Amino acid sequence: MLLTNHCALAITDTAVKESENKVLQVFIKRQVNQSMSVGRAVGSITSNYPNEVETIVATALDLYPENYQEIIHAAISSQPTATSKIVKIAIDKEVSSCPNIVQLAIQADPSYVDFVVDAAANSNPEQLKDIVRVAVLTEPDSADTIVQTLTAEHPNELVDILSSAIRAVPLVGEYVVDALLAVFPGEAEAVVTTAVRESGEQREQVRKIIEAAHQAGVDEDSLKRFAINGGASEEEYSAAVQQDN
C-alpha cells in the first residue's frame, strides 16, 4: 500500500511538472511573439519572476537553443545574482562550448566573473585551462580574482591556473602573483617559479613578479632560488629587490 501511494505521488508530481512546463512554454512563446525578441522576452519574464529564473532559462534554452546568446545575456543582465545557476544550466544543456558560455556570461555582467568561472569549472573541470584563458582574456582587470577564486576551489591545479592566466595576458603576472601569495603563502615556490617561467619573453614582467613576491613577504634567499629556478638571472633578481627596497 505504501509503495502504491509513493508511486501515485511520483506520477502526480511528474504530471504536475509537465503541465507547468507546458504552461511556461506557451507563456514564453507568447512573450517572444509580442516582443519579437527572445532576449527581451526572457529579460522581461525573469525581471517579473526572479524566483523562477532557473526554470525560465532552462525552458527558453529548450525552446530556442539557437538563441542561447540572447537568453544567457538577458537572464544575467536581469538577474545577475543568479549568474552561476544560469551558467550551469547553459553548460548542462550544451547549447555551446563551456568557454564560449563563460565569455558570454562575463560580458553580460563582469562584476560576477568569480561566480561565472566557479560554476563553469565545477561543471567542466576538464576544461579548466580554457576557462581560465577565456575569462582572463575577456576581463583582464579581474585576472587576480579569477585566479584566486579558481585556485581556492581547485588547489591542486594552481600551476595550470596560473600558467593559463599569464599565457593569456602576460601583463597580469604581477597581479595574480600578489593575489595568490595573499591566500597561499605556503605555495610561494610554485607561484614564483611558474610566474617567472611563463613570463620569460616579458623581462620587465619578470622583474615586476619578483618585486611583487618580495613585497608579499617571501624571504630573499627563497625568493632568489625560486626566481632563478624559473629562469630569472641574478641581475634581474637583484634589480627587482633593490627597486623594492
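The chain carries 17 positive and 36 negative side chains, and the centres of the two sets lie 7 Å apart. In that count Lys and Arg are positive, Asp and Glu are negative, and His and the chain ends are left out. Each charge is placed at NZ of Lys, CZ of Arg, CG of Asp or CD of Glu.

A word on the source. This is a predicted model, where local features need pLDDT of at least 70 and side-chain atom pairs count only at pLDDT 80 or more, while totals for chains, interfaces and linings use all residues. Residues are numbered from 1 along each chain as its sequence is written, and side-chain values use heavy atoms, with hydrogens and water left out.

Now the overall build. The chain has 15 helices and 0 strands. Helices here are DSSP runs of H or I with at least four residues, strands are runs of E with at least two, and both are numbered from the N terminus. The radius of gyration of the chain is 23 Å, whereas a compact globule of 245 residues would be near 18 Å. That radius is taken over C-alpha atoms, and the globule rule is 2.2 Å times the number of residues to the power 0.38. Along the principal axes, the C-alpha atoms fill a box of roughly 75 × 50 × 25 Å.

Of the 245 residues, 48% are buried. Buried means under 20% relative accessible area, exposed means over 50%, and partly exposed is in between, with a 1.4 Å probe and protein chains only. The accessible surface of the chain is about 12500 Å², and carbon and sulfur atoms hold 48% of that surface. The areas come from the Shrake-Rupley method with a 1.4 Å probe, and for residues only the protein chains shown count as cover. On contacts, meaning heavy atoms within 4.5 Å: among those with a separation of 6 or more, 70% join residues 24 or more positions apart.

Next, the salt bridges. The rule asks for a side-chain nitrogen of Lys or Arg within 4 Å of a carboxyl oxygen of Asp or Glu. The count by this rule is 10.

One of them joins Asp130 and Arg133, at 3.5 Å from N to O. These two sit 3 residues apart in helix α8, so about one helical turn separates them. Asp130 is partly exposed at 32% relative accessibility, and Arg133 is partly exposed at 35%.

Helix α13 supplies further pairs. Glu211 bridges to Arg207, with the closest N and O atoms 2.7 Å apart. They are 4 residues apart in α13, again about one helical turn. Glu211 counts as buried because its relative accessible area is 17%.

Which residue forms a salt bridge with Arg203? The partner is Glu236, and the closest N and O atoms are 2.6 Å apart. This pair links distant parts of the chain, since Arg203 is in helix α13 and Glu236 is in helix α15, residues 234-244, 33 residues away. Is Glu236 buried or exposed? Glu236 is buried, at 18% relative accessible area, while Arg203 is partly exposed at 36%.

There is also a network of salt bridges linking Arg167, Arg197 and Glu198.

Staying with α13, which spans residues 203-215, Lys208 is found there too. Lys208 is partly exposed, at 27% relative accessibility. Its C-alpha atom is 9.8 Å from that of Val177, and the two residues are 31 apart in sequence.

Now a covered helix. In α6, residues 98-108, 9 of the 11 residues are buried. Among them are Cys98, Pro99, Asn100, Ile101 and Leu104. The buried residues of α6 pack against α4 (68-78), α5 (83-92), α7 (113-123) and α8 (128-138).

Two single residues to finish. His154 lies in the loop between α9 (143-153) and α10 (158-168). At 16% relative accessible area, His154 is buried. What does His154 touch, not counting residues up to four places away in sequence? It touches Ala121, Asn122, Leu128 and Ile161.

Gly39 is in helix α2, residues 38-48. Gly39 is buried, with 11% relative accessible area. Leaving aside neighbours within four places in sequence, Gly39 is in contact with Glu70 and Ala74. By C-alpha atoms, Gly39 and Asn124 are separated by 26 Å, and they are 85 residues apart along the chain.
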